[in-house]
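Biologist: I am new to this structure and would love a close look at one part of it. Could you walk me through the salt bridges and what lies around them?

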Amino acid sequence: SPHIICYPVDVEDVKIAISYAQSVNKKAIGRSGGHQYSGKSSGGDDTIVISITVPILKSFKKDQTIKI
């Protein structure tokens, strides 16, 4: 079970989630589908999952790097 699962709606939300993870000493993991049969993609209490869905993918530009 991850510490928290975030559902960002835009790039700014992703930045906020990553910054929060860093501030509480957690790992940030991106998840696009959430279908991993052994559950390892969700991590444990040291993990914050950032759920990347279709609407947010549309807001990214090709080769875009998120700077925090």
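Modeller: Here is a walk through the salt bridges, followed by a surface patch. This is a predicted model, where local features need pLDDT of at least 70, side-chain atom pairs count only at pLDDT 80 or more, and totals for chains, interfaces and linings use all residues. Residues are numbered from 1 along each chain as its sequence is written, and side-chain values use heavy atoms, with hydrogens and water left out.

The structure has two salt bridges; the term means a side-chain nitrogen of Lys or Arg within 4 Å of a carboxyl oxygen of Asp or Glu. One of them joins the side chains of Lys26 and Asp45, at 3.8 Å from N to O. Lys26 sits in the loop between helix H1 (11-23) and strand S2 (27-31), while Asp45 sits in the loop between S2 and strand S3 (47-51), so this pair ties together parts 19 residues apart in sequence. Helices (H or I, at least four residues) and strands (E, at least two) are DSSP runs, numbered from the N terminus.

Lys27 and Asp46 also meet through their side chains in a salt bridge, at 3.0 Å from N to O. Lys27 belongs to strand S2 and Asp46 to the loop between S2 and S3, so parts that are 19 residues apart in sequence are tied together here too. Lys27 is partly exposed, with 49% relative accessible area, and Asp46 is partly exposed at 34% (buried is under 20%, exposed over 50%, partly exposed in between, with a 1.4 Å probe and protein chains only).

Back in the loop between H1 and S2, you will find Val24, which is partly exposed at 32% relative accessibility.
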